[in-house]
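Visitor: Hi, I've got a structure open and I'd like to talk it through. Can I start throwing questions at you?
Guide: Sure, go ahead.

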Amino acid sequence: EDPDPSQGEEPGIAAGVVSIWIDYSPAVNDELIMTVTVSDAEGAYTPYNQIQRSKTNEGETLSLQGVGEGKILVFFDNALVYEYDVNFDTGAVN
């Protein structure tokens with residue numbers, strides 16, 4: 001008899017997604033290095049680490065995953081530019 005493959009697996013906590021527009025205008029230089037960190041009920045991760053962007057592109061929308069309440073920090077050239085309190089369950093961004 002084959003064992004049931006679903007036994008012994010814990011159901012994962014469903015992650016939610018928030019979308020945030022990141023405006024590049026606060027960047028000092030035309031070429032910027034962007035880092036984005038996300039902290040939530042599960043811990044912290046860095047979905048964008050030292051990614052080069054061009055200020056001439058004006059900005060971009062980031063869709064970031066997390067669980068429960070958390071915080072998103074956006075850095076340009078290692079300086080904190082944006083800080084958001086988010087609820088990944090409801091999609092609220094403050």
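Visitor: Which side chain meets Asp-85 in a salt bridge?
Guide: That's Lys-71, at 2.7 Å from N to O. A salt bridge here is a side-chain nitrogen of Lys or Arg within 4 Å of a carboxyl oxygen of Asp or Glu. The two are 14 residues apart, with Asp-85 in strand β6 and Lys-71 in strand β5. Strands are DSSP runs of E with at least two residues, numbered from the N terminus.

Visitor: Before we go on, what sort of model is this?
Guide: It's a predicted model, where local features need pLDDT of at least 70, side-chain atom pairs count only at pLDDT 80 or more, and totals for chains, interfaces and linings use all residues. Residues are numbered from 1 along each chain as its sequence is written, and side-chain values use heavy atoms, with hydrogens and water left out.

Visitor: Okay, back to Lys-71. What network is Lys-71 linked in?
Guide: A network of salt bridges that links Lys-71, Glu-83 and Asp-85. Glu-83 forms its salt bridge with Lys-71 at 3.1 Å between the closest N and O atoms. That pair also links distant parts of the chain, with Glu-83 in strand β6 (residues 79-87) and Lys-71 in strand β5, 12 residues apart.

Visitor: Is Lys-71 buried or exposed?
Guide: In between: Lys-71 is partly exposed, with a relative accessible area of 27%. Buried means under 20% relative accessible area, exposed means over 50%, and partly exposed is what lies in between (1.4 Å probe, protein chains only). Asp-85 is partly exposed at 40%, and Glu-83 is partly exposed at 46%.

Visitor: How many salt bridges does the count come to?
Guide: Three. One of them joins Glu-60 and Arg-53, with the closest N and O atoms 2.6 Å apart.

Visitor: Where is Glu-60 found?
Guide: In strand β4, which covers residues 59-66. Glu-60 counts as buried at 18% relative accessibility, while Arg-53 counts as partly exposed at 21%.

Visitor: What else does the side chain of Glu-60 join up with?
Guide: Tyr-24, through a polar contact of 2.3 Å. A polar contact is a pair of N or O atoms within 3.5 Å; within protein, one must be able to donate a hydrogen and the other to accept it, and residues adjacent in sequence count only if both atoms are side-chain atoms. Leaving aside neighbours within four places in sequence, the residues in contact with Glu-60 (heavy atoms within 4.5 Å) include Ile-20, Trp-21 and Met-34.

Visitor: Tyr-24 is aromatic, right? Which aromatic cluster is Tyr-24 in?
Guide: Tyr-24 forms one cluster with Phe-76, Tyr-82 and Tyr-84. Rings of Phe, Tyr and Trp (its six-membered ring) pair if their centres lie within 6.5 Å; planes under 30 degrees apart count as stacked, over 60 as edge-to-face and the rest as tilted. The count comes to three aromatic pairs. In one of them, the rings of Tyr-24 and Phe-76 have centres 6.1 Å apart and planes at 75°, so the pair is edge-to-face. Tyr-24 lies in the loop between β1 (16-23) and β2 and Phe-76 in strand β5, so the pair ties together parts that are 52 residues apart in sequence.

Visitor: And how are the rings of Phe-76 and Tyr-82 arranged?
Guide: Their centres are 6.2 Å apart and their planes at 85°, so that pair is edge-to-face. Phe-76 counts as buried at 3% relative accessibility, and Tyr-82 counts as buried at 18%.

Visitor: New topic! In what order do the strands of the open sheet run?
Guide: The five strands go β3-β2-β5-β6-β7, with antiparallel pairing. β3 (43-54) and β7 (92-93) stand at the edges with a single partner strand each, so one side of each is left without a neighbour in the sheet. Two strands pair if DSSP finds at least two bridges between them.

Visitor: How many bridges do β2 and β5 pair over?
Guide: Six, between residues 31-40 of β2 and 69-76 of β5. β2 and β3 pair over eight bridges, and they form a hairpin with two residues between them.

Visitor: Last one: what's the mean pLDDT of the chain?
Guide: It's 89, and 86% of the residues reach 70 or more; pLDDT is the predictor's confidence in each residue, from 0 to 100. Over residues 1-10 the pLDDT is below 50, and this stretch has zero contacts in the model beyond near neighbours in sequence. Where pLDDT is low, the predicted coordinates should not be read in detail.

How values were computed
Helices (H or I, at least four residues) and strands (E, at least two) are DSSP runs, numbered from the N terminus.
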